[in-house]
Amino acid sequence: GFTDHVALGNEEWNPWEGDEKNELAASQQKYEAHLKMIKYARSRLEQTSLRIQIWGKAAIGLYLWQHIFGGHLEPADVTAQWREGSQKAGRAYFSFLTGPSVVPGYFSVEAEHVVVVLNGREQAKVAVATQWLQYAQTLVQTHKIRHVAVVLLGNEHCSNGWIQPYLKRNGGFVNLLFVTYDYALVNEEDIFQWPLGVATYRNFPVVEPNWSMLHDPRSYLCNFLGTVYKNSSRETLMEVLKQDGLDKLCWIAAREQWQPQETNESFKNYQDALLHSDLTLCPVGINTECYRIYEACSYGSLPVIEDVMTPGDCGNSSMYHSAPLQLLKTMGAPFIFIKNWNELPAVLEKEKKKSLQEKIQRRKKLLEWYQNFKARMRQKFITTLENSFFPSDKG
């Protein structure tokens, strides 16, 4: 059978070779044309879209990107020096950068519009935040970028006066400010209240509700895991819980000093407490708004919130007259608000009488509200940026 074909060197002769080569060339051309089309469509999308780069230099940036936007980051490793993600949302194409290696002047600015997420909670953080603002200002002055918005982890006493000179309304260059806590200057025009969210600095995860979270009986009426500060309302809470043995019905783990570093065990305990309690007690720390509120919502445990004003510069704004927690209240948060922990025994008494079915309905309502809250915050954020940065189709 060796004479049935002729060997040409190491290659076998193929009578259809010419046709195959032509087909291959044609399909290669088709593929390249298709690729060109995709590339063109993508570049058109990115050109016609408002391109917005978010610089995440405070942990609330992760709440914005991963929890509110539902965005992903590469690499997944939370300790990575550099992490990024991108997403098309509304008319805008967003990219997000975070990590210790994101330093002014040492990364490429790939958008005309920038959102800087900053920490202004204390003096040392304000110094770093100021460096970022000065960097952004230089980029605006040299026409490298056109617009700047700031998402700010504000001071817990709402003393954020340092950022005022940077706002456009005061002769600065910052178009929009989204700020946490009940900042009295929130006006819904260029200053907006922003949720504190979960403690992403402790790697609190995006929690996906499941069947057992909704339907399983929970072993504890309530939980409180936290620091009991001297002469604070938390001391009152502890005394109230000891009366009538209420502390036996709740998961209580009090400590005298705040621990910035969670161990894996203490973090797991905390998540278990949220998952296995019907109510999460949220006493005031420094500010009434705390991570615990949002973390409890993630697990379908209803927050019981001490509804008292934080001392300092916090208060009602020109838009809202429901401080404290004016953003959550305006969004219809289905929480239990109390003025004094002496009201707690009556709340727990009522809780004991609730059927599992009633609790399941309440969990559903809470989890749905929280999903809806994040979706509304996302929409509001995108629309506000579009209206400010991209006021007409002409750009």
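How many nonpolar, polar and charged residues does the lining of the largest cavity have? In this predicted model, the lining has 6 nonpolar, 3 polar and 1 charged residues. The residues concerned are His67, Pro205, Val206, Val207, Pro209, Ser298, Leu367, Tyr370, Gln371 and Lys374. Helix α10 gives the most to this lining, with 4 residues. The space enclosed in the largest cavity comes to about 50 Å³.

The structure holds 2 cavities of 30 Å³ or more. The second largest cavity has a volume of about 40 Å³, and its lining is made up of Asp278, Gly300, Ser301, Leu302, Arg362, Arg363 and Leu366. Here too α10 provides the largest share, 3 residues. By class, this lining has 2 nonpolar, 2 polar and 3 charged residues.

The second largest pocket was examined in the same way. About 220 Å³ of space lies in this pocket. Two elements, α2 (60–68) and α10 (356–389), each give two or more residues to its lining. Around the pocket are Gln66, His67, Ile68, Gly70, Gly71, His72, Val206, Val207, Glu208, Gln371, Lys374 and Ala375. Divided by class, these residues are 4 nonpolar, 6 polar and 2 charged. Domain 1 (47–180) and domain 2 (204–372) each supply at least three residues to the lining of the second largest pocket. His67, Val206, Val207, Gln371 and Lys374 are found in the lining of this pocket and also in that of the largest cavity.

Nonpolar packing was considered next. In soluble globular proteins, nonpolar side chains tend to be buried together. The largest nonpolar core of the model has 116 residues, among which Trp55, Phe94, Leu241, Phe373, Phe381 and Leu385 touch the most other members. Helix α10 gives the most to this core, with 10 residues. At least three residues of the core come from each of domain 1 (47–180) and domain 2 (204–372). Helix α10 is thus a recurring element: it gives the most to the core, to the lining of the largest cavity and to that of the second largest cavity.

The cysteines were then inspected. The structure holds 2 disulfides. One of them joins Cys158 and Cys314, with the sulfur atoms 1.9 Å apart. Cys158 is placed in the loop between β7 (147–153) and β8 (176–180), and Cys314 in the loop between β13 (302–306) and α8 (326–330), so this bond ties together parts that are 156 residues apart in sequence. The torsion about the S-S bond of Cys158 and Cys314 is about 90°, and the disulfide is therefore right-handed. Both partners are buried: the relative accessible area is 1% for Cys158 and 12% for Cys314.

The other disulfide is formed by Cys222 and Cys250, whose sulfur atoms are 2.0 Å apart. Cys222 belongs to strand β10 (residues 220–227) and Cys250 to strand β11 (residues 250–255), so the pair ties together parts that are 28 residues apart in sequence. With a torsion of about 105° about the S-S bond of Cys222 and Cys250, this disulfide is right-handed. Cys222 and Cys250 are buried. When the bonded cysteines of the chain are numbered in sequence order, the pairing reads 1-4, 2-3.

What keeps Cys282 and Cys290 from counting as a bonded pair? The sulfur of Cys282 has its closest cysteine sulfur in Cys290, 4.8 Å away, which is too far for a bond; a disulfide requires the sulfur atoms to lie within 2.5 Å. The converse holds for Cys290, whose closest cysteine sulfur is that of Cys282. Cys282 is buried, with a relative accessible area of 0%. Cys290 also counts as buried, because its relative accessibility is 14% and the limit for burial is under 20%.

Key. Residues are numbered from 1 along each chain as its sequence is written. This is a predicted model: local features need pLDDT of at least 70, side-chain atom pairs count only at pLDDT 80 or more; totals for chains, interfaces and linings use all residues. Side-chain values use heavy atoms; hydrogens and water are left out. On a 1 Å grid over the protein atoms alone, a cavity is a set of points where a 1.4 Å probe fits but cannot get out, and a pocket is an open set with protein on both sides within 12 Å along at least five of seven lines; lining residues have an atom within 4 Å of a point. Grid points are joined across faces, edges and corners, and a volume is the space filled by probe spheres set on the points. Ala, Val, Leu, Ile, Met, Phe, Trp, Tyr, Cys and Pro count as nonpolar, Asp, Glu, Lys and Arg as charged, and the others, Gly among them, as polar. Domain bounds come from an automatic or database domain assignment. Buried means under 20% relative accessible area, exposed over 50%, partly exposed in between (1.4 Å probe, protein chains only). A nonpolar core is a set of buried Ala, Val, Leu, Ile, Met, Phe, Trp, Tyr and Cys residues joined through side-chain atoms within 4.5 Å.
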